[in-house]
Amino acid sequence: MNSGKIVIYSRRGIVGRMIADMVGERGARVVCCTSTRQTVAACMHERPDLVIVLAVAPFMDGSDFIRRIRFDRRRRPVVYVVSWQHSEQTVLSLLDCGVDQYLTFPLCMSRLQRKITAETNKSDEA
């Protein structure tokens with residue numbers, strides 16, 4: 001995972017930085033954001049391979065968050081959402097709006113790290 005670019009959104013910066021440290025030590029370029037506006041701007045600037053959103057709120061306010069972070073149809077980042085919500089309806093609605101993976105807290109960091117590695121390796125091969 002040397003050339004992967006990842007944008008992480010977390011209102012609680014410490015959680016995002018913890019994940020950023022984990023994947024950054026593998027060589028990925030990681031940008032952490034604490035607002036949806038920052039996240040959209042980072043996606044436009046960085047053109048990431050993967051976006052990790054540590055909340056469901058950006059999808060629940062009627063916004064078109066996925067469309068805004070996937071503005072360039074030629075380079076479509078994979079979107080992971082991690083949240084405490086276990087409701088089947090929440091998961092299905094997130095998948096319907098374009099989320100690629102939904103994971104719940106408590107989070108197994110080694111599993112997340114393997115998923116991220118596999119995802120960025122796919123991007124390297126493309």
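Modeller: Ala, Val, Leu, Ile, Met, Phe, Trp, Tyr, Cys and Pro count as nonpolar, and Asp, Glu, Lys and Arg as charged. This is a predicted model.

Biologist: How does the lining of the largest cavity divide into nonpolar, polar and charged?

Modeller: Five residues are nonpolar, none is polar and four are charged. The lining consists of Cys43, Arg47, Pro48, Ile69, Arg70, Phe71, Asp72, Arg75 and Pro77. Cys, Pro, Ile and Phe are on the nonpolar list, Arg and Asp on the charged one.

Biologist: How many cavities of 30 Å³ or more are there, and how much space lies in the largest?

Modeller: One cavity is counted. About 50 Å³ of space lies in the largest cavity.

Biologist: Why does Ser83 count as buried?

Modeller: Its relative accessibility is 7%. Buried means under 20%, so Ser83 qualifies. Ser83 belongs to strand β4, residues 78-83. Beyond four places in sequence, Ser83 is in contact with Val56, Tyr102, Leu103, Thr104 and Phe105.

Biologist: What makes the pair formed by the side chain of Ser83 and the backbone nitrogen of Gln85 a polar contact?

Modeller: A polar atom of the Ser83 side chain lies 3.2 Å from that nitrogen. The cut-off is 3.5 Å.

Biologist: Which residues of helix α2 are buried, and how do you know that they are on the same side?

Modeller: In α2, residues 36-46, they are Thr39, Val40, Ala42, Cys43 and Glu46. They cover an arc of only 160 degrees around the axis, so they are on the same side of α2. Arg37 and His45 are exposed on the other side. The cover over the buried residues includes β1, β2, β3 and α4.

Biologist: What follows α2?

Modeller: Arg47, with a positive phi near 50 degrees. Arg47 also lines the largest cavity.

Note on methods. Residues are numbered from 1 along each chain as its sequence is written. This is a predicted model: local features need pLDDT of at least 70, side-chain atom pairs count only at pLDDT 80 or more; totals for chains, interfaces and linings use all residues. Side-chain values use heavy atoms; hydrogens and water are left out. On a 1 Å grid over the protein atoms alone, a cavity is a set of points where a 1.4 Å probe fits but cannot get out, and a pocket is an open set with protein on both sides within 12 Å along at least five of seven lines; lining residues have an atom within 4 Å of a point. Grid points are joined across faces, edges and corners, and a volume is the space filled by probe spheres set on the points. Helices (H or I, at least four residues) and strands (E, at least two) are DSSP runs, numbered from the N terminus. Buried means under 20% relative accessible area, exposed over 50%, partly exposed in between (1.4 Å probe, protein chains only). A polar contact is a pair of N or O atoms within 3.5 Å; within protein, one must be able to donate a hydrogen and the other to accept it, and residues adjacent in sequence count only if both atoms are side-chain atoms. Contact means heavy atoms within 4.5 Å. The arc is that of the directions from the helix axis to the C-beta atoms.
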